[in-house]
Amino acid sequence: MTTDEDTTITVCENGPLLVRGRMDLRDEDGRPIVPNRRTVALCRCGASAIKPWCDGSHKLVHPPVG
């Protein structure tokens with residue numbers, strides 16, 4: 001069971017980090033980044049045009065196998 005105070009991070013295979021719940025995101029200079037929703041997808045591949053958010057570019061960097 002989770003509460004409003006709980007934060008979870010889910011690692012998506014070859015995809016973003018899904019962060020749910022309370023979070024304190026900061027840029028490289030320590031300035032706050034305000035998320036626009038309670039669940040955000042953070043880029044892990046570095047290819048997103050809207051970093052720190054995921055824009056789906058990982059699908060081009062790591063296409064599905066099979």
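User: Before we start, what counts as a polar contact here?

Analyst: A polar contact is a pair of N or O atoms within 3.5 Å; inside protein, one of the two has to be able to donate a hydrogen and the other to accept it. Keep in mind that this is a predicted model.

User: Fine. Which backbone nitrogen does the side chain of Ser48 sit by?

Analyst: That of Ile50: its backbone nitrogen is 3.1 Å from a polar atom of the Ser48 side chain. The Ser48 side chain also reaches the backbone oxygen of Trp53, at 2.6 Å.

User: Where is Ser48, and is it buried or exposed?

Analyst: Ser48 is in the loop between E5 and H1. It counts as buried, at 4% relative accessibility.

User: What does Ser48 touch, leaving out neighbours within four places in sequence?

Analyst: Cys43, Trp53, Cys54, Asp55 and Ser57.

User: Two cysteines in there. How many disulfides does a search of the whole structure find?

Analyst: The search gives 0 disulfides. Take Cys54: the closest cysteine sulfur belongs to Cys43 and is 6.1 Å away, which is too far for a bond.

User: And Cys12, what's the closest cysteine sulfur there?

Analyst: The one in Cys54, at 8.3 Å, so that is too far for a bond as well. Cys12 is partly exposed, with 21% relative accessibility.

User: Changing topic: how are the strands of the sheet ordered?

Analyst: It's an open sheet of 3 strands in the order E1-E2-E5, with antiparallel pairing. Strand E1 (7-11) and E5 are the edge strands, each pairing on one side only. On average, neighbouring strands are turned by 20 degrees against each other, direction ignored.

User: How many bridges hold E1 and E2 in their pairing?

Analyst: E1 and E2 pair over 5 bridges, in the antiparallel sense. Thr7, for instance, stands opposite Gly21 in E2.

User: And on the other side, how many between E2 and E5?

Analyst: There are 4 bridges between strand E2 (residues 17-21) and E5, antiparallel again. Arg20 has Thr39 in E5 as its bridge partner.

User: Which residues of E5 are on the covered face?

Analyst: Val40 and Leu42. The uncovered face of E5, which spans residues 39-42, has Thr39 and Ala41. In a regular strand, side chains alternate between the two faces of the sheet.

User: Back to E1 for a second. Is Val11 buried or exposed?

Analyst: Val11, which lies in strand E1, counts as exposed at 56% relative accessibility.

User: What is Val11 in contact with, ignoring neighbours within four places?

Analyst: Pro16, Leu17 and Arg44.

User: And how far apart are the C-alpha atoms of Val11 and Leu42?

Analyst: They are separated by 9.8 Å, and the two residues are 31 residues apart along the chain.

User: Now charges. How many salt bridges are there?

Analyst: The count is 3 salt bridges. Side chains of opposite charge can pair when their charged atoms come close.

User: Which residue does Asp24 bridge to?

Analyst: Asp24 bridges to Arg26, with the closest N and O atoms 3.1 Å apart. Asp24 is exposed, at 55% relative accessibility, and Arg26 is partly exposed, at 45%.

User: What about Arg31, which residues does that one bridge to?

Analyst: Arg31 meets Asp27 in a salt bridge at 3.0 Å, N to O. Arg31 also forms one with Asp29, where the closest N and O atoms are 3.3 Å apart. Sharing partners this way joins Asp27, Asp29 and Arg31 into one network.

User: How exposed are those residues?

Analyst: Arg31 is partly exposed, with a relative accessible area of 47%. Asp27 is partly exposed too, at 21%, while Asp29 counts as exposed, at 56%.

User: Last one: where is His58, and is it buried or exposed?

Analyst: His58 is in helix H1, residues 58-61. It is buried, with 13% relative accessibility; the cut-off for buried is under 20%.

User: And what does His58 contact beyond those four places in sequence?

Analyst: Asn14, Gly15, Pro16, Cys45 and Pro63. Pro16 came up earlier as a contact of Val11 too.

Key: Residues numbered from 1 in each chain as written. Predicted model: local features only at pLDDT ≥ 70, side-chain atom pairs only at ≥ 80, totals over all residues. Heavy atoms only, no water. Salt bridge = Lys/Arg side-chain N within 4 Å of Asp/Glu carboxyl O. Buried < 20%, exposed > 50% of the residue type's maximum accessible area, 1.4 Å probe, protein only. Helix = DSSP H or I, 4+ residues; strand = E, 2+ residues; numbered from the N terminus. Pairing = 2+ DSSP bridges. Contact = heavy atoms within 4.5 Å. Axes fitted to C-alpha atoms, helices over the stretch in contact; angles between N-to-C directions. Disulfide = S-S within 2.5 Å.
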